[in-house]
Amino acid sequence: MITTHIKNRLLLFLTFIAFVSLGLPDGLLGVAWPSIASQFARPLSRLALLQLAATCGFFFSSTNAGRLIERLGVGRLLIASNVMVFIALSGFSFADRWPLIVGSMVVLGMGGGAVDAGLNAYSASRFTKEQITLMHAFYGLGAMIGPVIMRRVLHLHAPWQRGYLITLSMIALLLLLFIVSQKMWNGGVSLSSDADKAGEGEVSGRIKNIGMLLFFIYTGVEVTTGGWSFTWLTKGRGVAPETAAFWVSIYWGALMVGRLFFGFLGQRWHTRTILSRMVLVVAAGCLLFLQPWSSSISLVALPVIGFSCGPLFPLFVSYTPTVVGQADASRQIGRQVAFASIGSAVVPLLVGLGVEITALGAIPVMLLFFALILVILYNRWVAGLAE
């Protein structure tokens, strides 16, 4: 018979695997996009349209994550979501028309949205901040593997669809794992005793709204860096495509390393200390990415941004009960994740519009602008603790 301790460990491991499945498709698109745009004769700025399509699906499912978990349970929700991801990747793998690409992005967003919102709310009251940070590191692992797969496919002069087909086979294996482990999710797990979650009481609606905007901007910065940096480096800075793809992969890898670092060593610092330092480093990295003197410095800026972004999302989730109180934390986390999904589309869309209106140089300028907004919003959010 499986003990409660072993069951909790297995559930944590399965949560890690679920976040790998979330990250795998996201890492593909940034590297594949110039090839996709060329095949379907679309301007490079249409990348934002695909991200918006994914967000529509993501927002719909994430805002209904609570109802879906009540009806299906976490185990069945994982299975259903990975089935949708499987369908979406099949659409990419055999795409011969542009509408199929857009439709597949909607389905992909729906597959990821429910799991992302559901598991974040599920984990915030059950796992420690270090475990939640490690959980999100596995998203970075999936997002890092994606560019590696696509870069190798393009290096061999194979069609970009093959990269999605390879990822499809990996998702199929993960889906099988979730089917086998479905019954393990029945019942609950122990609540975390994390001291950082001691916040109680109600806070103003203004602070809650700032929290939602914080997630909106943060995810926009993360996705914009991963999605637009390849285009800026190759088309705007003259970096070789293989080199640019490698550094985009390094960006996602650094994001994962940041989460692993703070996941294993996060107990040495208070959550607020980590967050306060890392939002500033994100802004500094974006400034390095913008500087016009050296493309090499712009390349090095990517892992700086990635590493400092690493702990932000999971620690924002972990710190939410401290800011809004434990009683309202689950609902607020659901709202924040939903706004994060909107930010992941709207911010890159705004960058795309900036590119169309001005030039490719709008990419690093707007990235720095949003990073500075992130710093301001974070400081206003935690200021609510003193109110």
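A residue counts as buried under 20% relative accessible area, as exposed over 50%, and as partly exposed in between. By that scale R46, with a relative accessible area of 32%, is partly exposed. The structure described here is a predicted model.

## Salt bridges

A search of the whole structure finds two salt bridges. One of them joins E356 and R46, whose closest N and O atoms are 3.1 Å apart. This pair links distant parts of the chain, 310 residues apart. E356 belongs to helix α12, which covers residues 326-357, while R46 sits in the loop between α1 (4-39) and α2 (47-63). E356 has 46% relative accessibility and therefore counts as partly exposed, and R46 falls in the partly exposed class at 32%.

The side chains of R259 and E222 also meet in a salt bridge, with an N to O distance of 3.8 Å. R259 lies in helix α8 (residues 241-265) and E222 in helix α7 (residues 205-236), so the bridge ties together parts that are 37 residues apart in sequence. R259 has a relative accessible area of 1% and is buried. E222 is buried as well, its relative accessible area being 5%.

The table lists the two pairs.

| Pair | N to O distance | Separation in sequence |
|---|---|---|
| E356 and R46 | 3.1 Å | 310 residues |
| R259 and E222 | 3.8 Å | 37 residues |

## Two buried residues in helices

What does S298 touch, leaving aside its neighbours within four places in sequence? The residues in contact with S298 are L233, R237, L288, F289 and Q291. With Q291 there is also a polar contact, in which the two side chains are joined at 3.2 Å. S298 is placed in helix α10, residues 295-309. Its relative accessible area is 0%; because buried means under 20%, S298 is buried.

E130 is found in helix α5, which spans residues 129-155. Is E130 buried or exposed? With a relative accessible area of 8%, E130 is buried. Not counting residues up to four places away in sequence, E130 touches F262, G263, G266 and Q267. Of these, F262 and G263 have numbers that fall within the range of helix α8, residues 241-265.

## A nonpolar patch on the surface

V83, F86 and I87 make a nonpolar surface patch of about 230 Å². V83 has its place in helix α3, made of residues 65-93. At 34% relative accessibility V83 counts as partly exposed, because that class lies between 20% and 50%.

## Positive phi angles in loops

Which residue in the loop between α1 and α2 has a positive phi? It is A41, a residue other than glycine, with phi near 55 degrees. The loop between α1 and α2 is where A41 is placed, and R46 of the salt bridge with E356 is in the loop between these helices too. A41 has 67% relative accessibility and counts as exposed, because exposed means over 50%.

H157 is not a glycine either, and its phi is positive at about 60 degrees. H157 is located in the loop between α5 and α6 (161-180). With a relative accessible area of 74%, H157 is exposed.

Notes. Residues numbered from 1 in each chain as written. Predicted model: local features only at pLDDT ≥ 70, side-chain atom pairs only at ≥ 80, totals over all residues. Heavy atoms only, no water. Patch = residues over 30% accessible without salt bridge, like charges linked within 9 Å, V, L, I, M, F, W, Y side chains within 5 Å. Areas by Shrake-Rupley, 256 points an atom, 1.4 Å probe, with all protein chains shown as cover. Salt bridge = Lys/Arg side-chain N within 4 Å of Asp/Glu carboxyl O. Helix = DSSP H or I, 4+ residues; strand = E, 2+ residues; numbered from the N terminus. Buried < 20%, exposed > 50% of the residue type's maximum accessible area, 1.4 Å probe, protein only. Polar contact = N/O pair within 3.5 Å; in protein donor to acceptor, adjacent residues only side chain to side chain. Contact = heavy atoms within 4.5 Å.
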